[in-house]
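Hi,

Here is the structure I promised to pass on. Have a look at it first, and my notes follow underneath.

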Amino acid sequence: MNTQIDIPKGKKLNKYGELENLELTAEDWIARWEKKHIGFHKDEIHRLLQKYLPNILNGRKQINIFLPLCGKSLDIKWLHDQGHNVVGVEISKTAIEEFFAEQNLSYTQELVPEIPGAEVFKSSDHRISLYNCNIFNFSSLIAGKFDGIWDCKSLVAINPPDRQRYAKHMITLMAEGCCYLLDSCTFNQDKIVGPPFSVPQHAIEDLFGQSCNIQLLESLDALTEQQISWGLDSFIEEIYLIK
Ligand code: SAH
């Protein structure tokens, strides 16, 4: 039996064995959430966020922290529990609804007048606000600029042709003194189709180096069974502080 599939131009076979656009669209991400194809989600607070939160805070208390492309990350609730105001942006409404349900938090839902079709989901204490919209439609006019950013598997989820635009956009969301903690990764992209995409140090320098100071805080071997199953034999996680 011939099991080879003809892959149409502009499509790829993703890690779930399904045909998908080479460059994921918003609709592709929404579909992934509906099918529970969310292998990136972890049921734990990110160890490196716990370790490096003091680098985001830089001595400050109760700051405004932004999580771009936040999914239903447990880090949102953890940062809230540390006393901070947390704002996230996520294209999938399902992800946001699952976040509030799984964290047992009640919420209100409102339209965002500045962004057609967008809604914001707010915890009852108003210290968590998750915007259901495309990151590129979100701006500092909506929730101000941020004291801190936690970018976890977000830059590495962006289609490579949009990466520069994304970095420029993030810089517009940084308040004076903002500390941007970035979790990136480097691996052999020839072996797998993204996301995630490998974003090595020179790419980080190209994206942020002109306007920001970049410090590589830690680089660690983060190869897990999951990445071995994708066909990788090396996966380096890198954590940067961008100011
Ligand atoms: N930071 C999260 C999720 C990372 S995966 C975590 O660590 O678990 C990337 C997430 O970004 C997905 O949940 C996807 O639905 C969302 N996403 C992808 N493109 C987006 C876009 N253009 N705007 C907003 N969210 C987007």
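Before the strands, a term: two strands pair if DSSP finds at least two bridges between them. Helices (H or I, at least four residues) and strands (E, at least two) are DSSP runs, numbered from the N terminus.

Some housekeeping too. This is a predicted model, where local features need pLDDT of at least 70, side-chain atom pairs count only at pLDDT 80 or more, and totals for chains, interfaces and linings use all residues. Residues are numbered from 1 along each chain as its sequence is written, and side-chain values use heavy atoms, with hydrogens and water left out.

Now strand S9 (residues 174-186): 10 of its 13 residues are buried (under 20% relative accessible area, 1.4 Å probe, protein chains only), so the strand is largely enclosed by the rest of the structure. S9 runs parallel to strand S8 (residues 146-152), joined by 6 bridges, and there Gly 148 sits opposite Cys 179 of S9. With strand S11 (residues 236-242), S9 runs antiparallel through 7 bridges; Leu 182 has Tyr 240 in S11 as its bridge partner.

Then the ligand. Its polar contacts (pairs of N or O atoms within 3.5 Å) include these:

- a ligand nitrogen is 2.8 Å from a polar backbone atom of Leu 69;
- a ligand oxygen is 2.6 Å from a side-chain N or O atom of Glu 90;
- a ligand nitrogen is 3.1 Å from a side-chain N or O atom of Asn 134.

Enjoy!

Key:
Polar contact = N/O pair within 3.5 Å; in protein donor to acceptor, adjacent residues only side chain to side chain. Buried < 20%, exposed > 50% of the residue type's maximum accessible area, 1.4 Å probe, protein only.
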